[in-house]
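User: Could you take me through one part of this structure closely, and show me how it sits among its neighbours? I'd like a connected story that I can follow on screen.

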Amino acid sequence: MLSLLALTFIGCGEDTATAVEEPPVEIVPKNKVAVPKFDKDSAYSFIEKQVAFGPRVPNTPEHQAAKAWLVDQLKGFGAAVIEQDFQAEAYTGTMLNGTNIIGQYNPSAKKRVLLAAHWDSRHVTDHDEDENRRNEPVMGADDGASGVGVLLEIARQLQVNPIEMGVDIIFFDLEDYGDGGANAKHTTWCLGSQHWSRNFHKPNYKAKYGILLDMVGGKNARFAKEQVSVAFAPHVVNKVWKLAQSMGYGNFFVNDNGRQLTDDHLFVNQIAKIPMIDIINLPLGSETGFMPHWHTTHDDMEGIDKRTLKAVGQVVLASVYREANGEF
Ligand SMILES: [Zn+2]
């Protein structure tokens, strides 16, 4: 941005008065902050802790206990936290009590980026190989807790290595209570992000773009370019994937196109009109297109690989700090 401004001034020629009055396109921070080192052990422990509460299924005590812990963590890491309580009717007819948890850094800063993951876990293991176990709740170590764990570590880093840019970390609720049936409506999923997209935590909320993390803990994860992300936020996809490859994480952030998915970013793109990408594991050769542990009784800590957490966490951290430094 600095060099762009310099070019603008040269373009203005002798008319220095005009050049001086020209407002800066973007505020460049006085002090650039180096990209911190993402601590994968710390992120792992945040996932372990969530899983220790048990499945975080809406309308259960485990869900409530995990919520209180997540709010405390974000507050402890210096975020200004808003708990956005809401109710939404599930496809089953059950009225669900949800809470979107919003951790704000530099709440008054105009330039902001949004980072998100879902904190609830699914009510049924409807993809378990054992038909008799398909109504058990999902532990959700990868599907839910992994994204939240990575973002909690980023929150911790934002406290230790403060930046001037605004960052909002949103833990969406009720993502995974959707109808898994063949003719199901896609709007039965992602109830928390749909609610937030229609009811911002602040009037006229704006973010430059968003990054959603979902299932970012699996072994040998393959983050192909998900197609809703490519359709709504191609520039963000390209920047993040290029950065990842330049950092040596090209084995995770591959140059392949993935499917298009209904995930929280779809509604943030469509309803909130904030360009948002989804970093999500889309392995090759699996029946569902997701990890074999997806929506089964096997989505536990066994499936979490610290190397994947490091790759995702370091790339997102670098994206945020480079954006803050005007270098992204
Ligand atoms: Zn899920």
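**A close look at strand β3 and its surroundings**

Analyst: Let's get our bearings: the C-alpha centres of domain 1 and domain 2 lie 38 Å apart. Please keep in mind that this is a predicted model. According to the domain assignment, domain 1 covers 1–30 and domain 2 covers 36–324. The part I'd pick for you is strand β3, residues 112–118.

Start with the sheet. Six strands form an open sheet with mixed pairing, in the order β1-β2-β4-β3-β5-β6. Its edges are β1 (80–89) and β6 (276–280), each of which pairs on one side only. From one strand to its neighbour in this sheet, the turn is 20 degrees on average, with direction ignored.

Now for the two partners of β3. With β4, the strand pairs in the parallel sense over seven bridges, and V113 finds its bridge partner in V167 of β4. With β5 (residues 209–214), the pairing is again parallel, over four bridges. Here L115 has I211 of β5 as its bridge partner. Helix α5 (residues 141–160) packs on the sheet, where it touches β2 (95–105), β3, β4 (166–172) and β5. The direction of α5 makes about 145 degrees with that of β3.

Is β3 enclosed or open to its surroundings? Seven of its seven residues are buried, so the strand is largely enclosed by the rest of the structure. In a regular strand, side chains alternate between the two faces of the sheet. For β3, one side holds R112, L114, A116 and H118, while V113, L115 and A117 lie on the other, and all of them are buried.

From β5 we can step on to a helix. Helix α8 (residues 234–246) has 13 residues and reaches 18 Å from its first C-alpha to its last, close to the 18 Å expected at 1.5 Å a residue. The buried residues of α8 are V236, V237, V240, W241 and A244. These residues lie on the same side of α8, because they cover an arc of only 120 degrees around the axis. H235 and S246, on the other side of α8, are exposed. The cover over the buried residues of α8 includes β5, α7 (227–232), β6 and α10 (306–324). Just after α8 comes G248, with a positive phi of about 95 degrees.

To retrace the route on screen, begin at β3 with both its faces covered, cross to its parallel partner β5, and finish at α8, whose buried residues β5 helps to cover.

Definitions and conventions: Residues are numbered from 1 along each chain as its sequence is written. This is a predicted model: local features need pLDDT of at least 70, side-chain atom pairs count only at pLDDT 80 or more; totals for chains, interfaces and linings use all residues. Two strands pair if DSSP finds at least two bridges between them. Helices (H or I, at least four residues) and strands (E, at least two) are DSSP runs, numbered from the N terminus. Axes are lines fitted to C-alpha atoms, for helices over the stretch in contact, and angles run from 0 to 180 degrees between N-to-C directions. Two residues are in contact if their C-beta atoms, placed from the backbone, lie within 7 Å. Domain bounds come from an automatic or database domain assignment. The expected span of a helix is 1.5 Å times one less than its number of residues. A residue is buried if 20 or more other C-beta atoms lie within 10 Å of its own, exposed if 12 or fewer, and partly exposed in between; C-beta atoms are placed from the backbone. The arc is that of the directions from the helix axis to the C-beta atoms.
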